[in-house]
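User: Could you take a close look at one part of this model for me, the helix packing and the sheet that goes with it? I'd like the geometry and the residues that do the touching.

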Amino acid sequence: MPSPTALVTGATSGIGRATAIELLTRGWEVWIAGRDSHRVEAAAAELGGRALLVDVTDPVGVAAAARRVSELDVLVNNAGVSPEPSVPLAESDAELFRRTYETNVFGVVTVTNAFLPLLRRSHRPRIVNVSSGTGSLTWSTGPNPQFDHHQAAANGGRLAAYRSSKTALNALTLFYAQALADDGIKVNALAPGVRATNLNPAAAARGGDPAEAADAVVDLATLADDGPTGQFFSYDGTPVPW
Ligand SMILES: NC(=O)c1ccc[n+]([C@@H]2O[C@H](COP(=O)([O-])OP(=O)(O)OC[C@H]3O[C@@H](n4cnc5c(N)ncnc54)[C@H](OP(=O)(O)O)[C@@H]3O)[C@@H](O)[C@H]2O)c1
C-alpha cells in the first residue's frame, strides 16, 4: 500500500510544523504548505516533505496549488492568525475582524473546497480543523467558564476577532461534516491547548510544546472508519462543548 498523503497549511512553524514532522516520522507523504516560498522550500528540504506555496487567502493561488497535488487523504487546516490580540473589542473595527476571518474562516473554505475532489478519491479521507478552546461559547459562559476573563470588563473583550473566528470555524466543521458524511469524509475540530508558538509567544513561559498538539492532530487525521465526525476535541482527546 502506498503511504497516505497529508497537506498541512501553515506548516512552516508552530503546530503545523510539528504536525508535519509527526506525519513524516510515521512514513506519510506530507505537503508542507505555507505562504512564504523561501520558508516553505527550507522547511520541506529540512523535514523531508514536499513544498507547496499556499496563501489560504488567495483563491487563485490555492487553486494552482491544488493542481499540483494528485492524491490526498488528509487535509489539516492549521493556518491561523491573531492580529492585534490586545485591542479591546470596543476599540477594534470591522477591518480587524475581516483580516482575522480572511485566514481563519474564509481561508478554510477556500482550501477545503479546492482539495475536496482529491479527498473524495481517498479511501480514508479526513479533515482536521485546528480551532481553539477560546472559540467555545460554552467555555466562555457559565457555569464554569474557562475564558470569561477575556470578556470581563478589565480585559474589554480582547481577542474577540480571533475567538469569534474560531467559533465560526467550529460551525464550519459541523456543517462540512454533515455535508460530506455521504462521501465518508470525517471532519473534526481540535482545541490544541496553549502552545508556545509565534501566534502565542506568551505561552513560551508556560511550556506548551506544539508537539503535544501535533499528536492530537494526527489522532484526528488517522481516525478509524467508525470514528467520530463533526465534533470538537481537546488535545487530550476529551470532547469540547461548542
Ligand atoms: N499556539 C496556541 O496556543 C494556539 C492555541 C489555540 C489554537 N491555536 C491555533 O493553532 C494554529 C497554528 O498556530 P500556531 O500556534 O502554531 O502559530 P504559528 O506558528 O504562528 O502558526 C500559524 C501558521 O499559519 C500561517 N499562516 C498565517 N496566515 C496564513 C495564510 N494567509 N496562508 C497560509 N498560511 C498562513 C503562518 O505563516 P507565517 O509564518 O507566514 O505567518 C504560520 O505558519 C492556528 O490556527 C491557531 O489559531 C494555537
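**Helix packing and the sheet**

Analyst: Let's start with one helix pair: H4 passes H6 in a right-handed crossing. Keep in mind that this is a predicted model. H4 covers residues 94-120 and H6 covers residues 160-180; their axes are 9 Å apart, at an angle of about 20°. That makes H4 roughly parallel to H6, because an angle under 35 degrees counts as such.

As for who touches whom, H4 brings Leu96, Phe97, Thr100, Tyr101, Asn104, Val105, Val108, Val109 and Thr112. On the H6 side you'll find Ala161, Tyr162, Ser165, Lys166, Ala168, Leu169, Leu172 and Tyr176. Sorted by class, this contact of H4 with H6 holds twelve nonpolar, four polar and one charged residues.

There's another pair to go through, H1 (residues 14-25) with H7 (residues 210-221): here the axes come within 8 Å and cross at roughly 60°. H1 and H7 are therefore oblique to each other. The crossing is right-handed here, with H1 passing H7. H1 contributes Gly14, Ile15, Ala18, Thr19, Glu22 and Leu23 to the contact, and H7 contributes Pro210, Ala211, Ala213, Ala214, Asp215, Val217 and Val218. Split by class, the contact of H1 with H7 has nine nonpolar, two polar and two charged residues.

Now for the sheet. Seven strands make up an open sheet with parallel pairing, and the order reads E3-E2-E1-E4-E5-E6-E7. The edges belong to E3 (50-53) and E7 (231-234); each has a single partner strand, so one side of each is left without a neighbour in the sheet. On average, neighbouring strands of this sheet are turned by 20° against each other, direction ignored.

If you zoom in on E1 (residues 5-8), you can follow the pairing both ways. With E4 (residues 74-77), E1 pairs in the parallel sense over three bridges, and leucine 7 stands opposite leucine 75 in E4. With E2, E1 also pairs in the parallel sense, over four bridges; there, threonine 5 has glutamate 29 in E2 as its bridge partner. E2 itself runs over residues 29-34, and five of its six residues are buried, so E2 is largely enclosed by the rest of the structure.

Definitions and conventions. Residues numbered from 1 in each chain as written. Predicted model: local features only at pLDDT ≥ 70, side-chain atom pairs only at ≥ 80, totals over all residues. Axes fitted to C-alpha atoms, helices over the stretch in contact; angles between N-to-C directions. Helix = DSSP H or I, 4+ residues; strand = E, 2+ residues; numbered from the N terminus. Parallel < 35°, antiparallel > 145°, perpendicular 65-115°, else oblique. Left-handed = near helix turned anticlockwise from the far one by under 90°. Contact = placed C-beta atoms within 7 Å. Nonpolar A, V, L, I, M, F, W, Y, C, P; charged D, E, K, R; others polar. Pairing = 2+ DSSP bridges. Buried ≥ 20, exposed ≤ 12 C-beta atoms within 10 Å, placed from the backbone.
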